[in-house]
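Visitor: Hello! I am new to protein structures, and I would like to walk through this one with you. Could you show it to me?

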Amino acid sequence: MSALGHHGRRYRLLTLFFPVFILFVYSRGAESVTFTIVNMCSYTIWPGILSNAGTQQPPTTGFALQPGQSSALPFPASWSGRIWGRTSCAQNATTGLFTCLTGDCGSSTVECSGAGAIPPATLAEFTLDGADGLDFYDVSLVDGYNLPMLVAPQGGTGGNCSITGCTADLNPGCPKELQVESDGTSVACKSACDAFGDAQYCCSGSYSTPSTCKPSAYSGFFKSACPKAYSYAYDDGTSTFTCAASDYVITFCPSPSTSIRAATDYPVAATLTDAPAAAGNGELQVSSAGRAQDRPASTAAYVALAAVLAVGFRIRSH
Ligand SMILES: *[C@@H]1O[C@H](CO)[C@@H](O)[C@H](O)[C@H]1NC(C)=O
Ligand SMILES: *[C@@H]1O[C@H](CO)[C@@H](O)[C@H](O)[C@H]1NC(C)=O
């Protein structure tokens with residue numbers, strides 16, 4: 001009787017803890033990284049998200065974010081892809097098609113569903129859990145610029161785990177030949193590659209190596225205003241950042257907030273002289289985005305563990 005009881009308890013323990021074991025294995029595989037996307041602009045932004053081929057998908061590929069609003073999203077732990085902001089979007093009442101003035105992805109809907117930003121657009125690029133288990137991230141102006149944008153790691157360690165991005169409003173000071181205009185206002189700034197298509201600017205053809213593709217006067221315009229952002233394809237040394245075990249806060253229009261609709265009133269000289277100093281002094285600030293929430297998979301595992309232990313306790317006490 002006692003031997004049977006002993007075996008019975010062992011069997012119960014096994015059946016109780018096997019699901020817990022499976023849950024922990026599963027939750028490690030499904031661990032997520034929290035991306036908090038914040039809109040500090042005075043107008044609505046429609047973030048767009050494009051995942052690289054072969055990577056798991058985040059919960060959305062595009063949505064609306066009102067001024068002052070933020071959204072915390074669980075991203076797959078090994079996600080790679082890009083995030084950008086779309087401006088002045090609207091759904092056409094006749095055709096039902098959704099389009100944006102800048103950063104449009106051409107999907108005709110709020111979700112981008114696998115479509116990328118049509119340049120020019122400021123891009124935040126990520127490769128999570130890459131070489132040596134590090135996250136690689138950058139803010140890129142290689143495809144031009146439409147919005148000020150910051151990427152701030154949260155709670156990460158190692159590497160050069162610091163804030164990067166472009167706080168300046170480059171639209172008013174954008175060279176005329178690179179400007180995208182709407183109603184006489186500059187709303188985005190093309191890359192020289194996009195504007196002229198030269199191999200020299202695009203780092204293509206005989207300029208397709210770091211030693212042959214050099215910065216140009218045009219890439220210099222972007223780099224002097226935003227020293228931490230990519231200004232041309234081989235700008236890696238000063239523009240790529242790395243972190244381990246981090247969450248990320250992505251802020252559109254970090255303070256001081258500027259409006260593309262007020263672009264013509266914005267002093268160009270101040271934009272170009274203030275921005276590099278601010279970035280160089282490490283004064284880049286992320287406003288009250290709030291802390292990244294608990295990683296959902298871990299939380300789920302703890303809840304499951306508590307539930308199974310509670311059931312086990314009830315069986316044992318019978
Ligand atoms: C909606 O689409 C129609 C047909 O393409 C176009 O003529 C019209 O100008 C659009 N309306 C707006 C408000 O953009
Ligand atoms: C950050 O670290 C990476 C990897 O070590 C390096 O390639 C990159 O140049 C560094 N970035 C900066 C801005 O120093």
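Visitor: In which strand does A90 lie?

Guide: Welcome! Before we start, please keep in mind that this is a predicted model. The elements to choose from are plenty, since the chain has seven helices and 13 strands. A90 belongs to strand β4.

Visitor: Is A90 buried or exposed?

Guide: Let us count its surroundings: A90 has 10 C-beta neighbours inside 10 Å. A residue with 12 or fewer such neighbours is called exposed. With its count of 10, A90 is therefore exposed.

Visitor: What separates the C-alpha atoms of A90 and T109?

Guide: Along the chain, A90 and T109 are 19 residues apart. In space, the separation of their C-alpha atoms is 9.7 Å.

Visitor: Is Y137 buried or exposed?

Guide: Y137 sits in strand β7, residues 135-140. The cut-off for a buried residue is 20 or more other C-beta atoms within 10 Å. Y137 has 23 of these neighbours, so it counts as buried.

Visitor: Which residues is Y137 in contact with, leaving aside its neighbours within four places in sequence?

Guide: Here we skip the residues within four places of Y137 in sequence and look at the remaining contacts. The C-alpha atom of S80, 57 residues away along the chain, is 9.4 Å from that of Y137. The contacts of Y137 are E125, F126, V151 and F241.

Visitor: What is the order of the strands in the open sheet of five strands?

Guide: Let us build the order from its pairs. β1 pairs with β3 in the antiparallel sense over seven bridges, and with β13 in the parallel sense over five bridges. β13 in turn pairs with β8 in the antiparallel sense, over six bridges. Completed with β9, the order is β3-β1-β13-β8-β9.

Visitor: Which strands stand at the edges of this sheet?

Guide: An edge strand can be spotted by counting partners: β3 and β9 each have a single partner strand, so one side of each has no neighbour in the sheet. From one strand to the next, the twist averages 20°. The edge strands are β3 (70-76) and β9 (164-166).

Visitor: How many residues of β1 are buried?

Guide: In a regular strand, side chains alternate between the two faces of the sheet. In β1, S32, T34, T36 and V38 point one way, while V33, F35, I37 and N39 point the other way. All of these residues are buried. The number of buried residues in β1 is eight of eight.

Visitor: Which residue of β13 is the bridge partner of V38?

Guide: β1 has bridges to two strands that we can follow by residue. Towards β3, T36 stands opposite A72. Towards β13, the bridge partner of V38 is T251.

Visitor: And which residue in β13 is the bridge partner of M149?

Guide: M149 starts strand β8, which covers residues 149-154 and pairs with β13, residues 247-252. M149 is also listed among the residues with the most contacts inside the largest nonpolar core, which has 64 residues. Its bridge partner in β13 is on that list too: F252.

Visitor: Where is the P120 that a cis peptide bond joins to P119?

Guide: At the bond between P119 and P120, omega is about 0°, and the peptide bond is cis. As for its place, P120 is in the loop between β5 (98-102) and β6 (123-127).

Visitor: What is the phi of S108?

Guide: S108 lies in the loop between β5 and β6. S108 has 15 C-beta neighbours inside 10 Å, so it counts as partly exposed. Its phi is positive although the residue is not a glycine, with a value near 70°.

Visitor: Which elements give two or more residues to the shell around ligand 2?

Guide: The residues around ligand 2 are G159, N160, G237, T238, T240, F241 and T242. By character, one is nonpolar, six are polar and none is charged. The elements giving two or more residues to the shell are α5 (236-239) and β12 (241-243).

Visitor: One last thing: what percentage of the residues in the chain is buried?

Guide: We have met both kinds of residue, with A90 exposed and Y137 buried. The chain has 318 residues in total, and the buried part of them is 38%.

Key:
Residues numbered from 1 in each chain as written. Chains lettered and ligands numbered in written order. Predicted model: local features only at pLDDT ≥ 70, side-chain atom pairs only at ≥ 80, totals over all residues. Near = placed C-beta within 6 Å. Helix = DSSP H or I, 4+ residues; strand = E, 2+ residues; numbered from the N terminus. Nonpolar A, V, L, I, M, F, W, Y, C, P; charged D, E, K, R; others polar. Pairing = 2+ DSSP bridges. Axes fitted to C-alpha atoms, helices over the stretch in contact; angles between N-to-C directions. Core = buried A, V, L, I, M, F, W, Y, C linked by C-beta atoms within 7 Å. Contact = placed C-beta atoms within 7 Å.
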